[in-house]
Amino acid sequence: MTALEWGTRPELNQPIIVAAFEGWNDAGDAASRAVRYLIERWGAQRFASVDPEEFYDFTSLRPTVRIVSDECRELDWPENVFWHASPEGSPDIILLLGTEPHLKWRTFCATVIEVAQQTQSRLVLTLGALLADVPHSRPTSVFGTAYDPTVIDALNLESSRYEGPTGIVGVLHHECAQAGIHSASFWSAVPSYVASVPSPKAQQALVHRICELLGTELDLADLGDAVNAYDEQIGNLVAEDQDTITYVRHLEEAHDRDEAANGSVDDLVDELERFLREQ
């Protein structure tokens with residue numbers, strides 16, 4: 001019995017799946033917020049979900065209860081939901097927004113692959129965000145990785161050479177390769193000194209990179225306002241401590257040197273490997 005629960009079955013033309021999971025791979029909530037933003041902006045329609053019963057330890061991630069009316073309460077369980085959209089000028093899109101499961105990762109990935117196979121998806125693209133030694137005052141870089149040389153060449157990505165502990169994103173890419181499904185991953189960097197603050201800047205960078213890949217345009221002015229407020233807020237926090245001021249200035253100088261030497265992507269790949277090993 002599959003854990004995948006279908007609603008309507010949309011008619012899609014070789015869609016691209018864009019997936020993000022809250023948890024280990026989602027520093028600053030940037031990846032999950034990016035997918036949530038696209039769901040809202042593209043008016044995506046929900047069409048399938050994953051039954052959470054097999055995949056979560058509910059003593060670690062508890063369901064929440066909410067009052068609907070004086071006589072009715074509802075439980076909200078951890079969700080992994082598939083949405084579909086057809087943005088103007090873009091291939092058909094499936095958006096998967098969920099939470100990294102605790103249990104049965106191979107079984108969980110099989111549900112994602114089932115959707116990819118049933119819809120004849122051409123690519124599974126995961127989003128992630130990592131904590132890195134980057135300054136908040138500079139543009140957020142996004143880099144892409146893949147295992148398949150065909151995908152690397154077609155999308156101008158970096159070859160993934162990481163070895164070490166992995167999250168659900170890494171397992172999903174492995175299972176996609178086993179099933180003969182193309183996959184890739186986009187990562188953005190979040191300043192390590194503001195780890196607990198949601199990052200609209202990294203979110204915006206991921207959304208922009210996705211739109212570039214899809215060849216579609218999206219007005220990101222609302223995210224721009226959030227980014228300006230974020231920069232101001234973090235700048236005020238940094239200004240309260242001289243040691244942090246010195247540290248951020250050092251990061252800015254290193255960033256500017258790397259930009260001049262065209263070395264920022266390699267440095268971010270190294271940061272990603274370090275981040276995953278330390279988690």
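This is a short walk through the sheet, its aromatic pairs and one buried loop residue in a predicted model.

I'll start with the sheet. Nine strands make it up, and it is open, with mixed pairing. Reading across, the order is 1-3-6-7-2-8-11-9-10. The edges are strand 1, residues 4–6, and strand 10, residues 158–159. Each of those has a single partner strand, so one side of each has no neighbour in the sheet.

Now to strand 6, residues 81–85. In the sheet order it sits between strand 3 and strand 7. On one side, strand 3, residues 45–50, runs antiparallel to strand 6, and four bridges join them. If you want one position to click on, serine 49 has valine 81 of strand 6 as its bridge partner. On the other side is strand 7, residues 93–99, also paired in the antiparallel sense with strand 6, here over five bridges. There, phenylalanine 82 stands opposite leucine 96 of strand 7. How much of strand 6 is buried? Four of its five residues are, so to speak, out of reach: they count as buried.

Further along the sheet, strand 9, residues 142–146, and strand 11 are antiparallel, with four bridges between them. Valine 142 is opposite serine 188 of strand 11 in that pairing.

Two helices pack on this sheet. Helix 2 touches strands 1, 2, 3, 6, 7 and 8, and its direction makes about 35° with that of strand 1. Helix 4, residues 168–179, touches strand 2, strand 8 and strand 11. The direction of helix 4 makes about 155° with that of strand 8.

Next, the rings. The structure holds six aromatic pairs, and I'll show two of them. In the pair of phenylalanine 21 and phenylalanine 108, the ring centres are 5.9 Å apart and the planes are at 65°; the cut-off for edge-to-face is over 60 degrees, so that is what this pair is. Phenylalanine 21 belongs to strand 2, residues 16–22, and phenylalanine 108 to helix 2, residues 105–118, so the pair links parts of the chain 87 residues apart. Both of these phenylalanines are buried.

The second pair is phenylalanine 47 with phenylalanine 82, at 6.2 Å centre to centre and 50° between the planes, which is tilted. Phenylalanine 47 is in strand 3 and phenylalanine 82 in strand 6, so this pair ties together parts 35 residues apart in sequence. Are these two buried or exposed? Phenylalanine 47 has a relative accessible area of 2% and is buried. Phenylalanine 82 is at 0%, and counts as buried too.

Ring pairs also bring in a tryptophan: Trp6, Phe47 and Phe82 are linked into a cluster. Over the face of tryptophan 6 lies arginine 9, at 4.0 Å from the ring centre.

Last item, a loop residue. Where is serine 199? It is in the loop between strand 11, residues 183–191, and helix 5, residues 200–214. Serine 199 has a relative accessible area of 2%; the cut-off for buried is under 20%, so this loop residue counts as buried. What does serine 199 contact, leaving aside its neighbours within four places in sequence? The contacts are Gly28, Ala30, Val190 and Tyr230.

That is the end of the tour.

Note on methods
Residues are numbered from 1 along each chain as its sequence is written. This is a predicted model: local features need pLDDT of at least 70, side-chain atom pairs count only at pLDDT 80 or more; totals for chains, interfaces and linings use all residues. Side-chain values use heavy atoms; hydrogens and water are left out. Buried means under 20% relative accessible area, exposed over 50%, partly exposed in between (1.4 Å probe, protein chains only). Two strands pair if DSSP finds at least two bridges between them. Rings of Phe, Tyr and Trp (its six-membered ring) pair if their centres lie within 6.5 Å; planes under 30 degrees apart count as stacked, over 60 as edge-to-face and the rest as tilted. A charge sits over a ring if NZ of Lys or CZ of Arg is within 6 Å of the ring centre and within 35 degrees of the ring normal. Contact means heavy atoms within 4.5 Å. Axes are lines fitted to C-alpha atoms, for helices over the stretch in contact, and angles run from 0 to 180 degrees between N-to-C directions.
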